[in-house]
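Q: Could you take me through one part of this structure up close? I would like to hear how a single helix sits among its neighbours, with a word on the aromatic rings afterwards.

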Amino acid sequence: MALFPAFAKLSSNKTANNEKAPRGLDWLSNQSFRTEDALTLHRRALEEVEEGTAGPAELSCSTAQRLPEESEDEDVSKVKKKKKEKKKKKQKKKHKRRSREQSENSGYDSDTIYPSDLIKQQESAIVRQGQQQPLPQGSFTWIDDLQALPDFPFFIDKKADPANWEYKSLYRGDIARYKRKGNSSLGLNPKTQHITWADSTSEKKKSAKVPDRYFAKACRLLLSAEGFPVLPCAEGPNRGLPSPSVGFIPISECSAEAVGSDAAPAWINPLGIYDASTSLWLQGKGQPEQDKSQAGNPPAQTALAAKVEEFNRKLRENPGDAQTWMEFVRFQDELTNRPNPFTVTESESERGKKSLKVTLEKKIAILDRAIESNAGSVELKLARLELCKELWEPSTLLKEWKKLVFLHPNNTELWKQYLLFSQSQFSTFTVSKVNSIYGKCLTTLSAVHDGCMVSHPSLPGTEEALLAIFLQQCQFLRQTGHSEKAVSLFQAILDFTFFKPDSVKDMTTRQQVEFFEPFWDCGEPRVGERGARGWMSWMRQQERGGWLIPNEPDDDDEDLEDDTEVKDKTLPKWQIWLDVEASRETRHWLPWRPDKSKGQSEEDCEDPDRQVLFDDIGSSMIRLLSPELRFQLLCSFLQFLDIPGERSYSSPFWSVALDHRSILDGGSEAAERPLTSVHLNHVGVSPIGHMTTLDGAKKYSGLCKQGEEFVHNVFEQMMPLFAPEEKSLLSLYWLQYEKLKVIKCLLNKNKKRLKWQGKRSKKLAKKLLKEPENRNSLALWREFAHTEWLIGNTDDSRKVFDTAIATGLGQGLQSADLCELCLLYAQLEVEAMDGAAVVGAGSPAVYILTKLAEGGSYTGYSGQLPPVSILKARKVYENAFVSLLTEVEKVADGSVCAGWPMRVVGLVGCFALFQYLTVGIEAANHVYRQAVQMMSEVWTEESPNAWTGPSALEKLTLMQAELLRFHTRAHVFPLGPLRDSLTAALRLFPGSHSLWKLYVQVENKCHNASRARRFFASVAKSTRSVVPQLFAIHAEQRRKELVDAVQRADFGDVHSTIPENGLSNRIRVLFEHAVESDNGTHCPLLWRLYMHFLVSQGDADRSRGIFYRALQHIPWVKGLYMDAVAHFPERVQEYMDLMTEKELRLRVPMEEVDVLLED
C-alpha cells in the first residue's frame, strides 16, 4: 500500500510487472501491510455492530448486504481519508485519546473505527467469552434489546469511568459526542432558511460582575458625594405608575437637553430636536460661563469647588480674618474625604482620599500662609503647633513652644496650653523640669501684671489667670505625690498674701519675694502650724531684736492611731507595698519641720523629700490685690484639704484634676435621703493624703490626727482677717466639713466612730455659735440642727430648728436663710414619714411651711392646722412669688439687690413643697417650671476661671428633679416630666455632676437605652466638658451590670430576657472616643477607668497597652502607676523604676519593704 495517494499507481504497476522500483522510492510503500487484512477486520467490526443493534433474524441479512464486491474500493477510500485526518491532528493527542475512549464506549456506527481499536476489542471479547459464555463473542447489547434474558446478562467493566461518579448516572453512552464548528448548516438557503442553536457551546460564558458592597471604595465615595438632581416629568396619564415587574416607583428623569430645548422659543426649535447649546447658537447666543465651568463636573464636585473659590475670594480680600483661615483649615477635612473637584481624569478622582500626613501638611501650609498675614494671632499659632504634634519631634516642638511663649509672654491662655504640653510629653517629662516651668510662668505673668514688662501690657483677666495657674500647679504636685510641696505652696502664698508687712506692699512682686525668703528660712511657724504669727509679726519683732520661742507643752504628742504599717505579712509583696505607700501618704502629707523644743535639726529627718526648700516654691509667689480673689484663694486651700466649699471643677479647664470616681459613685446616700442628698458635693478630685488605687477606699472620713489639727489651726488663724460676713461663711464651711464626716461614718456603718465624731461636731458647733457674729446666723443653726438629725438625735434637732425659726421668723419670706432653714426642716420631716401619708393639714411639714408664711410668733408642732390657715398661707406664697418674678424681670436694668438669686431658690423651694403637700405634684411642678423659665431668661454663662458654686438656676432644676423623683418612688407617675426637666437643665449645665447622676438613675430603669444614648451624644458634641462622656460610660456600665446580674442569676431554669447586645464593645468605643477628645486625652479619671474596665473583662494585654498609651498623655499621675501595679503585679519593679526616672514621689522603696518584712 502506498503511503501517499499520489504514488499509489506507481506501487500497483510495480507489483503487476514484478519489477523492482527505483531505490529512492522504496520508502513510499509499506511492504508488510496488506489491504485484504484491513478489509477483513473492517467487515468483522461492522458485523459485530449489526449484531448488537439488529435482531437475530436480521443479523445475517444485514451483514450480507453490507459486503458487496462493488463497495470494497469505497471502503478503502474511507479508511485512507480517516488516516489522513489522523495524521493532520497528531499534535492533539490528548483530545484524540479522549474521543477514542468515547468511541469505544459508544455503540453507534457513525463513530470512526480504527484498526488498533478493533484488535483491542477482539482481545477483550475473547477474555469476556471465557468468563461469560452465554453472551456472543465481542458483543455489547443493552438488556432491553434482548428477547431472551441469558443466565449471566452482565459483565465486569474493569476500566473505571470517572463520569459515573461526577454525574451519578450512565447517560454518556446515550448522547452523541460531537463538536460543532460555527452556527451554520450545509444545504440551507441562507436567505430563506436559518437554524437557531439553543445549546450553542461556541459562545464563551461571560462572568457576571459582582455588585460592589457598601464598604467598597466606589460605594464610600458615593456616600460622601452629594446626590444628582432628578427632574421628574409628568407626561402621559400613567407616567407616575410603576410597571408590574418593578418593585419600586421609578422617578423619571429629564435630560438637560430637553430642559434646554423646552426653554428655547418655539420658532427656534419647533420639533424639539435641538439640544440647549444648538438652540442658543441658533439664537445667536453663547453658553453661560457657569454652564461651561460645570459642564464636565458633577454637582457634588461643583459645590466643593464653589466653596474653595469662596474661601479663596474671602481670604484674598481680607487676609487678616483669622476666623476665616481657621474655617478654611477645618474645611480641609471635608475636602479630603470627598473626590477632588480639580482632578483631570476619573482615575485621579477615585484617588481623592488623601492620607493623614498629606492632609496635615496641607493644613500646616495654610496656617503658615495665614500667620504671614496675621503675625499677632495666637490662635493661628496654637492651631499650627497642635497640628505639628503628629509630624515633628518632641524636641523641635518644645523649641517652637518656647519661641511662641517668648513672643507672647502676656497671653495667659497660651501659657496654660504650654504648661499642659510640657507635663504631657512623656519623653521630656520630669517633675522638677515641669515645676520650674510653672515657676517661670508665674514669675513672668507677675512681672506683666506689675507693669515691669513695658513691651507687653497686662491683658484683662491676668490676675484671675494667675490664681488659676497657681492652683493648677498645686494639683499637679498633688497628683505626682509631692503633697508636701503643694501644702508648702499654699502656706507660703497665704503668708505672702495675708500677713504682708506694710513696708513692702508698694514694691514689685520680685522684690517682695526677696524679703519673704528670710522669713521662710528662719524656721518660724507657718500658717496651719501651732504658734504661727505670720510674716508681718516676724518682721516687726526682727526690727525690735527678735524673740525667743517658748517651749509650749504638747498635750497630744502621743498618736493614738495604729502605726503598724505591715498588718499582714502573708500578703503578696506588691500588695504590701501598695498598703504601706498609701499609709505613709495618709500620715506624711504635711511638710516635715524640725521641732526646736526637742532639739531637732534638719539632719534628723529620715526622708529628705519631706523637707521643702524656698527654691522649690519661691518662683511661684504671686500678688493678689482683689478681695474676692484673696477669699477664693483661702477657699481653694480649704477645698484642697477636703473641706466643702463653693468652688466647682465642672469647667473644661479642670478636667486634668479629675482623678477620683466619687464623681460617679455616691448614690447610696441619695437612696436614704432622697430630698436632702443634694447638700452633698462630690467634686471628683482626690483629697490630700488619699493617694491610692482606683478601687482603694478611705478607711475613715477626714484626715489623720496631724491633719485635723492643721485644719483647726488654719481656721483659727485665718478667720480673724476677714469681715463678719466672710467669717460666718468660713464657719459654715467648717460645720459642713464636720457634717460630711458624720455622713461618711453613717455610710461606713461604724457606730463607735459615729458617736465619737458626733461629740466633736456638736462641740465645734456650739463653740462657733457662741461667737458674736454667728449668734444670729440661721445658716449655722441649720447645719447644727441637720448634724444632730444625722447623728440620730431627732428630738434635739427639732428643738434647734424650732429655736432658730422662732428667732428669725420676723424676717419673713424676704430672708433667704430663713426660707432655706424651713425648707430643710420640712424636707427632713417628709423623709421621716417613711412612706406614710405626707399630704394633708396634719403633716408637720405643712405646719412648718404654713407658719413661715403667716409670720408672727412660732411654737413647735402641736397638731393639725385649720384649713383657713392653709388657704391664707397659699395666698401669701402666691403674692410673694409674683412679686419675686417681677423683681427678676428687672435684673437687666440693674435695679435688684445682690442677694436675689438665693431668695429665689429659698422661696420657690418652700412654695413648691407647700403645693406638693397640699395640692399635688402637678401644682408643685408648675411652680418650678415658671421659676426656671423666668431664671433662664436672665441667666448668663460664667467664665471658665470662675470658682463660684452652682448657680441659682442649677439649684432650682436640681430641686425640681429631686421632688419629682421622690414622688415617683411612692406613687404611680410618668417619668416624662422628670426626664424633660433633666434634659433641659443638662443642656444648660453639661458639667453638673448632680444632674447627671439623677439622669443616669432615671434612665437606668428603662430597658430602651437608645433615647439616653442619643442625648449623651448630642450633649457631648455641644460642650468641651468631659463630664458627659464620663457619665455616658457610667450609664453603659450600669446597664451591663444589670444584664450580667440577670444572666448570672441562680433561679434554676430561668432564661435571660435581656441580651448582651455588645455592651462591652460599646463601652470600649465610648472610652476610645473620650480619650481622643481635646480635654479627655488629659483626664486621669478616664484613663484609669478605661484600664480598670479592660482588666475586669479579662483583657490584660489590651489593658497593659492602654496603660502605656496613658503614659504618653498623663505621665505625672502617680495613681495611674499604682493602678498598674495592682493590675500587673509581675512588673512592679519596672513601674517603680519608671516612677523614679520621672521623679514621682516614691515614699517606700522595695528594699525598705524587704526590711519591714524581716522585722
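A: Happy to: here is a walk along helix H45, followed by some ring contacts. Please keep in mind that this is a predicted model.

Helix H45 is made of twelve residues, 1100-1111. At 1.5 Å a residue these should span 16 Å, and the C-alpha atoms at the two ends are 17 Å apart, so the expected and computed spans agree. Its buried residues are Ser1103, Arg1104, Ile1106, Phe1107, Ala1110 and Leu1111. Around the axis they cover an arc of only 155°, which means that they lie on the same side of H45. The general background is friendly to remember: an α-helix has 3.6 residues a turn, so residues three or four places apart point the same way. As for partners, the buried residues of H45 pack against helices H43 (1063-1075), H44 (1084-1096), H46 (1118-1127) and H47 (1132-1141).

Now to the rings. Across the whole structure, a search finds 40 aromatic pairs. In one of them, the ring centres of tyrosine 847 and tyrosine 858 are 6.2 Å apart with the planes at 50°, so this pair is tilted. Tyrosine 847 belongs to helix H34 (residues 844-854), while tyrosine 858, eleven residues away, is in the loop between H34 and helix H35 (867-889). Tyrosine 847 counts as buried because its relative accessibility is 2%, and tyrosine 858 counts as buried at 10%.

Elsewhere, ring pairs join Phe496, Phe516, Phe519, Trp520, Trp535, Trp538 and Phe614 into a cluster. Over the ring of tryptophan 520 sits the charged end of arginine 526, 3.5 Å from the ring's centre.

Terms used:
Residues are numbered from 1 along each chain as its sequence is written. This is a predicted model: local features need pLDDT of at least 70, side-chain atom pairs count only at pLDDT 80 or more; totals for chains, interfaces and linings use all residues. Side-chain values use heavy atoms; hydrogens and water are left out. Rings of Phe, Tyr and Trp (its six-membered ring) pair if their centres lie within 6.5 Å; planes under 30 degrees apart count as stacked, over 60 as edge-to-face and the rest as tilted. Helices (H or I, at least four residues) and strands (E, at least two) are DSSP runs, numbered from the N terminus. Buried means under 20% relative accessible area, exposed over 50%, partly exposed in between (1.4 Å probe, protein chains only). A charge sits over a ring if NZ of Lys or CZ of Arg is within 6 Å of the ring centre and within 35 degrees of the ring normal. The expected span of a helix is 1.5 Å times one less than its number of residues. The arc is that of the directions from the helix axis to the C-beta atoms. Contact means heavy atoms within 4.5 Å.
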